[in-house]
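Please open the structure in your viewer and keep the selection tool at hand, as this tour moves from one selection to the next and says what is found at each stop.

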Amino acid sequence: RALSYDYLWTEVRVKGGAYGAGFQTTRTGSMRFYSYRDPHLDETLGRFRSAGAWLEAFEPEEDQMDGYVVSTVASLDAPLKPREIARRQDGRFFARVSEEEHAKTRTEAVATRAADLHPLASNVAEAAAQNLVCVFGNKEIIESSHADLKVIDLLNEK
C-alpha cells in the first residue's frame with residue numbers, strides 16, 4: 001500500500017502524468033508494478049527500479065503508517081457480494097490457504113510497522129532489476145522508449 005499510494009502515486013501519477021500506478025504482490029511471492037495510460041514509459045520504468053531504495057528509506061509518521069495498515073486489513077476482509085465471496089473462497093481453496101492462515105496474515109498486517117517493510121526493499125529492488133516488462137499501449141510511445149521493447153500489433157492495425 002505504501003509503494004502504491006505514496007511513492008508510485010506521487011512519482012508516476014502526479015509527476016509522471018499516468019492515470020494510475022501501483023504495486024502488487026501475491027502470497028507466493030510474485031510481484032508486479034503497473035501503470036496505465038502512462039505517457040512517460042522510460043521515466044516510469046526508472047521509478048519502478050528506484051522503488052526498493054524508496055522502501056528502504058520509508059519512515060512515515062505513525063498516523064500515516066496506521067492508514068496503510070487499516071487499508072491493507074480492509075482489503076483482506078472487505079464486504080463482498082455473494083459472487084465475490086465465492087471467488088475469494090475458491091481462490092483460497094485452490095491456493096490451499098486455510099482460515100487460520102488468513103487470520104495469521106490479518107494479525108501480521110495489523111502489527112506491521114515501517115521497520116518491518118525495510119527488509120523487503122531488497123526483494124522489490126531485485127524484482128524491478130530483472131526488467132521483465134510488458135506494455136500495452138500507444139505504439140509511438142512504446143517505439144520511442146529506450147527500453148528495447150519489441151512491438152507486437154495485437155489488433156492487426158499495421
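Begin with the largest pocket of this predicted model, which holds about 1700 Å³ of space. To find its middle, select Gln24, Thr25, Thr26, Thr72 and Leu76, which lie nearest the centre of the pocket among the 40 residues that line it. If you then colour the lining by class, you should be able to pick out 18 nonpolar, 14 polar and eight charged residues.

Which elements supply at least two residues each to this lining? They are H1, E1, E2, H3, helix H4 (82-94), helix H5 (99-111), helix H6 (114-117) and helix H7 (121-129), and the largest share, six residues, comes from H3.

Stay with H3 for the next stop, and select helix H1 (residues 2-15) together with helix H3 (residues 62-76), which pack with their axes 10 Å apart and at an angle of about 130 degrees. This angle means that H1 is oblique to H3, because an angle counts as roughly perpendicular from 65 to 115 degrees and as roughly antiparallel over 145. Where the two helices meet, show the side chains of Ala2, Tyr5 and Asp6 in H1, and then those of Gln64, Tyr68 and Ser71 in H3. Sorted by class, this contact of H1 with H3 consists of three nonpolar residues, two polar ones and one charged one.

Now turn to the strands, and select E1 (residues 20-25) and E2 (residues 31-36), which run antiparallel and are joined by six bridges. Which residue in E2 is the bridge partner of Gly20? Select Tyr36, and you have found that partner. Between the two strands of this hairpin there are five residues, and in the hairpin Gly29 takes a positive phi near 105 degrees.

From E2 you can move on to the second largest pocket, since that strand gives the largest share of the lining there, six residues. The volume of the second largest pocket is about 660 Å³, and of the 27 residues that line this pocket, Phe33, Leu45, Phe48, Val133 and Cys134 are the closest to its centre. Two or more residues of the lining come from each of E2, helix H2 (41-56), H7 and helix H8 (139-144). As a last step, colour this lining by class as well, and look for 17 nonpolar, six polar and four charged residues.

Definitions and conventions: Residues numbered from 1 in each chain as written. Predicted model: local features only at pLDDT ≥ 70, side-chain atom pairs only at ≥ 80, totals over all residues. Heavy atoms only, no water. Axes fitted to C-alpha atoms, helices over the stretch in contact; angles between N-to-C directions. Helix = DSSP H or I, 4+ residues; strand = E, 2+ residues; numbered from the N terminus. Parallel < 35°, antiparallel > 145°, perpendicular 65-115°, else oblique. Contact = heavy atoms within 4.5 Å. Nonpolar A, V, L, I, M, F, W, Y, C, P; charged D, E, K, R; others polar. Pairing = 2+ DSSP bridges. 1 Å grid on protein atoms, 1.4 Å probe; cavity = no way out; pocket = protein on both sides within 12 Å on 5 of 7 lines; lining within 4 Å. Points joined across faces, edges and corners; volume = space filled by probe spheres on them.
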